[in-house]
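Q: Can you walk me through this model? Start with how the chains meet, then go to the pockets.

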Amino acid sequence: MQRGNESGILEKAIYIAAFILIVKLFFLQVLTPGYKQQSKNNVVKKQNIYPSRGLIIDRKGKVIVYNDAVYDILVQWNQIKDFDTLKFCELLNTTPDFVRAKLDEIKRTTPNKPTAFIKLLDPQSFTRFQEHLFEFPAFSFETRTVRRYPYHGGAAMLGYLSEVTENNIKNSGGYYELGDYMGTTGIEKYYDSLLRGEKGYNFQVVDVKNTYKGKYKNGEEDKTPIAGWDMVTGIDAELQAYGEKLMQGKVGGVVAIDPATGEILAYVSSPGYDPNILTGRYRRHNFNILFKDPYIPLLNRPIQAAYPPGSTFKASAALIMLQEKIHEEKWQWFCPGGYRVGSHVVKCHGVHGIPDVQTALQYSCNSYFCKIYNDFIMDSTFATPAIGYQKWWDMTSMFGYGKKLGIDIYGEKRGNLPTVKYYNKIFGEGKWRAATIISNSIGQGEVLATPLQIANAMAIIANKGFYITPKICRYFVKDKKYRTPKREKNIIPIDSVYFRYVTDGLEKVVLAGTARVAQIPGISFCGKTGTAQNPHGKDHSIFAGFAPKENPKIAIAVFVENAGFGATYAAPIASLMVEKYLNDTIAKKRIPLQDRMFKMRLMKDEVELNYVKQKEKLVLDSIARVKAKADSIVRAKYLQDSLQKAKVKYTEDRKKFKQDSIQNLKSTQQNP
Amino acid sequence: MQPGAKRAYDPIDGTVLFCYLFLVALGIMSIFATEYSGNFTASFFSFKHSYIKQSVWAIASFLMFFTILGFDRRILQLISYPIYAIVIFMLVLVLLIGNTTKGQQNWIDLGAFKLQPSEFAKFGTAMALAKYFDSPNMRFHTQREYMIAFGILALPLALVAGQGDAGSCLVFAAFIFVLNREGLSDLFVYLGLYIVAISVLSLIINQYIIIGISVVLFSFLIYWNWMNKQLVKILSVIMIGTCLFTFSVSFIFNNVLAKHQRDRINIVLGQELTKEARRGIAYNLNQSKISIGSGGIIGKGYLQGTQTRYNYVPETSTDFIFSAIGEEWGFVGALVLIFIYVLMMQRLLLMAERQSSPYGRVYTYAVVAIIFTHFVINIGMTIGLLPVIGIPLPLLSYGGSSLISFTFMIATALKLDSERRMSMR
């Protein structure tokens, strides 16, 4: 009893459906590439293993920078259960608002992966939190290392680490990834590739909840990390700390060099900061405070602040004069208490009688050095003053002025040693002579030098005719293997007889000259004070010197901004540091001097500082403003008006500042 | 039955039995693969593992299989309506006291066992429909007969629709194949296809464009066939129906369907998705495709499927078990699996046609329709051809209700086939 449609549609439907499914499967499984890779990407996770970064060690074997464990607290949003938020906040020292905002952010971005919730938590807080970690199931932690600085100083030279930027990643040739840290300034940056070592990684198999399920291919493609090289520096950690203590409350820089090797012994930038504050959890907060600080502690003053070298410049001037035989060493010049240039007079600090070159150095006689500078440039062997100036420029630049010395820190400034071309442009070709630019002779005017350059010039005199490129780093060491950075010996073609002669003069400066305060018992200290004129505020105090006289061990330059005479601050600080380095202790009778230096505060409150800064800016900008006929001394008049305005503004600001001061202080004291 | 006559019992069909055992065994293997943790531990035989539970269900199924083979076909015919009544009762019960998972209120918690009445309803409905067609004087051409036949289907369909179980709804709708076999005009099947086509089009294209096109098209057709009054009448009805239907589709889509259902349809149609859908269902479907696609031609090997073992694909042991098979056994394995299903269905169809009574034919045909619907929708959804509808792969997917229900269906079909000559009265 068959009936109905015997050849039902169902049979056809089965074949058609099976055919369609097979075609689709064929496309999916055979023709479409990429699914295999996608499935591997799902399951295999690359995890970086960070090597320990190289230590930084001082010349006596003391560790200046080491690594310390800190902890990133991670959270996997999709596993969060209700937890005691208040307790959580209390343990981690944060606010519920922060927790809520952060969790919302993580929910939006990476809810399925452990994501950094709090970065770089210090070990103390972490230990507290770890005891309660089981109460917060979705939270985990990851160990990281940060740099620690047991001497709490040397920030400017050591530099800091920070998270890599997009640009760093692009330029690193695939080494850096988002979230890595790298050296951003100082030697940490310069030697980053050696210090950092090499990252390792392993491949893990994880499930959809990101739980570890085993190694990928039994760890065949994994790589163990390679530790970084340890760096031994020429820095003397004790001297460095001592220098920083002496420079407290003062603005400026100190550079001390071992002349024989070019190793830098101390490198102080003041005001400095404790490099420890730029590691860890509050890094960004602290960085902002530093960034906004009107004294610019982030400025690397020893190599980036170009100051007029002042009278310290005279030592090289004397050497050049002698070498070129403009005058012989016994030649004398009558100092009436100044040097007349047209209607202007370059004043001396007194009437120096009839000094020869040593006496001129001893009393820092301006008129003597103006005269020899004038005689050098206007010498009859040169056809024009320009040719004479060019000769003077060549000789002076051999001392390292006006060029980068090649220290192993990025951002070094050239200073300024104005060229012939520059003066031709300003005054017109053939329209200037020595008298026009006379202030160069005493390290004023357009001449600018960094403390490093001043110290290096002293090292040349100490070495009697050569210098070795100053470097922080001595060598790298790892597993008894060594690597030494290249050091160049630069020879200055000046007769050593003249060096001896000038050295005697410099010794007299300390023994019986302008820097008697810098006498160190039992050590023959040679040096030169400098007072960089700053016609509208206190002069900059400068001192450069070396010791001992025979077989020098240390050359030093100290620059203290707006501090007065060279002998008032810079010379005592330099002598104390030299004494500390050579004798290891300070003689009893010099202790009061040391304490006075420790206590002295020259830094001003914020508004006053703005005023001072404005003045400095005017001095520095001055060259650009003066078109003709003038050098820095004449320029003073030009600046008078603008300064008057600044003064008025200063008084107003000061009133306002006093009102806000309490509030301001509060906001800057949040530094944890 | 006369003594000494040729043996009335034929042996049960070996091919179908083989396919049945093959699928059940592959199911347990695949469920094991999705849960295998990488090493054999002491808790290997623990009852918390799905593969152990499924093995127990399989053993229970074999027992039931042989029990059913022991029944007389007359008893089966006799209990058809009572079974139908019981499953309808259970469907009503589940609506009242059932538990809800993922928007579907389709199971009753019996402590150790979660009973899914909708699975058994398919079996019961197949029996009831067969019984109805077996009734004397049944010619299936009066309005009354149509009404009753459709009623038998509509009742469980409405109840599973009430549970929000779209998959089972489609299974009951697939009984149209059975009615078609029994004399329902092909037109109904084509009409169904036409409705599906219009629905899909109206969700992709602007509804006014569809209405415009159909009005122009049908106007031409009516103009050409002006003399054939009958055809004009039908065409006019279709034209008006299309217009109304097009409007109602977007209304139903936006107002009747739940949000997750809209998302699932949108994925297949390639429409823009909500953010939530991209994270959820689209992500799951994509993982399923990655899983199957990464299997390549020969697959990653048994127990080597990372996608399924590490839970990147959701519900790999139940609805998405085909992903696990596609990943571990590759295109070749998928081909074999499809071949086995097609072989089984083809064989069952053959058995349906050689039945001497309408009962056996309608019943077996219904079983094929049920298996077919499950097979197409399940595999289609894992490879992104069809919307994700929660429906198990017959005999493979983890789940006691489903396994036992399909065992009933196939065992009964085999029993009816082996006794097919007995009804030659």
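Q: What area is buried between chain B and chain A?
A: About 4000 Å². Carbon and sulfur atoms give 65% of it. Buried area is the accessible area (1.4 Å probe) that two parts lose on being put together, summed over both.

Q: Which three residues supply the most of what chain B buries?
A: Tyr310(B), Tyr312(B) and Phe331(B), with 16% of the area that chain B buries against chain A.

Q: Where do the numbers come from?
A: The model is predicted: local features need pLDDT of at least 70, side-chain atom pairs need 80 or more, and totals for chains, interfaces and linings use all residues. Residues count from 1 along each chain, chains are lettered from A and ligands numbered from 1 as written, and side-chain values use heavy atoms, without hydrogens and water.

Q: How many salt bridges between chain B and chain A?
A: 0. That term needs a side-chain nitrogen of Lys or Arg within 4 Å of a carboxyl oxygen of Asp or Glu.

Q: Which element gives chain B's side its largest share?
A: H16(B), with 12 residues. Helices are DSSP runs (H or I, at least four residues), strands likewise (E, at least two), numbered from the N terminus.

Q: Pockets now. How much space lies in the second largest?
A: About 1700 Å³. The volume is the space filled by probe spheres set on grid points joined across faces, edges and corners. A pocket is an open set on a 1 Å grid over the protein atoms alone, where a 1.4 Å probe fits, with protein on both sides within 12 Å along at least five of seven lines; lining residues have an atom within 4 Å of a point.

Q: Which residues are closest to its centre?
A: Of 46 lining residues, Asn48(A), Tyr50(A), Glu142(A), Arg144(A) and Leu178(A). E5(A) gives the most to the lining, 8 residues.
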